[in-house]
Amino acid sequence: MAFWGDYHTHTTYSRHGKKLHAKGTVLQNALKAAEIGLKELAITDHGYGHAYGVSDETAFAALKEDCREAERITGVRIYAGLENNLDPRSGKRKEIPPFLNIDDGVLSELEIVQGGYHAFIGTPYMINNMMFWTRNVIFGVPTRKLIERNTAAYKRMIDEYPIDFIGHLNRGIVADAVEVAKYAHERGVYIELNGRHKTLKRDELRAMAAAGVEFICNSDAHRPESVGDMTLGESLIKESGIPYESVANWERLPNFRSRNFKSARAARSSGVSGVDD
Ligand SMILES: [Zn+2]
Ligand SMILES: [Zn+2]
């Protein structure tokens with residue numbers, strides 16, 4: 001009995017100039033994955049605009065090349081991705097896209113798509129995001145209006161991008177997690193059980209499990225030794241009564257939505273029905 005893949009890991013591409021945010025290389029993460037018997041691995045370094053993110057398209061192209069090489073060496077299937085940043089302002093303002101700094105060109109290069117909220121976004125978003133974070137977390141219970149806005153932002157992210165899973169839902173932000181998870185589930189999006197951050201309450205996880213939500217366990221490793229470490233996720237599974245059949249990478253490989261998203265979108269615009277994206 002085992003997990004077959006880890007779809008959220010960081011490498012030295014998560015950095016601010018020379019200052020590293022994560023320790024290993026793509027190959028080191030892949031070697032660890034091979035050593036512990038994983039069939040699949042994703043590299044999802046922080047997206048553009050994160051204070052410790054992949055700097056630009058050129059750096060992402062290099063990351064992708066490293067993935068191909070590590071795949072050849074280790075035999076582990078490796079997805080090149082980014083941890084895309086959710087802009088909560090998009091929950092209220094239609095002109096603001098849900099993802100910061102990610103256009104269609106970048107999106108089409110991603111082999112796996114995850115999205116989540118991060119406070120530490122570089123200028124010009126840093127101050128804005130820090131203000132949201134402060135309002136959401138530091139000053140007690142957020143208002144109903146704020147929760148509604150954040151929930152709407154998560155939903156727009158699901159609607160407008162080929163998201164495969166939501167990373168650490170409700171970390172640094174407060175949305176109606178159960179409502180977001182149900183909405184995600186109806187559209188084939190997994191909810192992450194993150195290996196470093198416990199962001200969901202037990203009763204929320206129980207309600208999600210009761211609604212049939214599907215989860216994915218990831219390490220969010222910032223060093224090669226932590227690749228495949230699902231200790232926190234497993235404890236959440238046990239204490240919340242989540243059935244292992246609802247965990248997409250437990251004894252099986254996930255069916256990622258992004259693989260079908262573009263063809264589904266094309267089919268929809270040409271009037272072909274019955275395609276589930
Ligand atoms: Zn993150
Ligand atoms: Zn991460």
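Before I turn to the cavity, let me fix the terms: a residue counts as nonpolar if it is Ala, Val, Leu, Ile, Met, Phe, Trp, Tyr, Cys or Pro, as charged if it is Asp, Glu, Lys or Arg, and as polar otherwise, with Gly among the polar ones. Please also keep in mind that what we are looking at is a predicted model.

With those classes in hand, the lining of the largest cavity has three nonpolar, three polar and two charged residues. The residues in question are E192, L193 and N194, then H197, K198, T199 and L200, and finally L236. Which element gives the largest share of that lining? It is β8, which contributes three residues. The volume of this cavity is about 40 Å³, and the count of cavities of 30 Å³ or more comes to one.

From β8, at residues 190-194, we can step to helix α6, since β8 is one of the elements against which the buried residues of α6 pack, the others being α5 (144-160), β7 and α7 (202-210). On the helix itself, the buried positions are A177, V178, V180, A181, Y183 and A184. After α6 comes G188, which has a positive phi near 80 degrees.

On the other side of α6 in the sequence, the loop that runs from β7 (165-166) to α6 (177-186) contains H168, and N170 is found in that loop as well. As a reminder, most residues other than glycine have a negative phi. H168, however, has a positive phi of about 25 degrees without being a glycine, and N170, also not a glycine, has a positive phi near 70 degrees. Are these two residues buried or exposed? With the limit for burial set at under 20% relative accessible area, H168 is buried because its value is 2%, and N170 likewise counts as buried because its relative accessibility is 12%.

Let me finish with a helix pair elsewhere in the chain, namely α1, residues 26-35, and α2, residues 57-74, which pack at an angle of about 35 degrees with their axes 9 Å apart. The crossing of α1 and α2 is right-handed. On the α1 side, the contact is made by V26, L27, A30, L31 and A34, while α2 supplies L63, D66, C67, A70, I73 and T74. Sorted by the classes I began with, the residues of this contact divide into nine nonpolar, one polar and one charged.

How values were computed
Residues numbered from 1 in each chain as written. Chains lettered and ligands numbered in written order. Predicted model: local features only at pLDDT ≥ 70, side-chain atom pairs only at ≥ 80, totals over all residues. Heavy atoms only, no water. Helix = DSSP H or I, 4+ residues; strand = E, 2+ residues; numbered from the N terminus. Buried < 20%, exposed > 50% of the residue type's maximum accessible area, 1.4 Å probe, protein only. Axes fitted to C-alpha atoms, helices over the stretch in contact; angles between N-to-C directions. Left-handed = near helix turned anticlockwise from the far one by under 90°. Contact = heavy atoms within 4.5 Å. 1 Å grid on protein atoms, 1.4 Å probe; cavity = no way out; pocket = protein on both sides within 12 Å on 5 of 7 lines; lining within 4 Å. Points joined across faces, edges and corners; volume = space filled by probe spheres on them.
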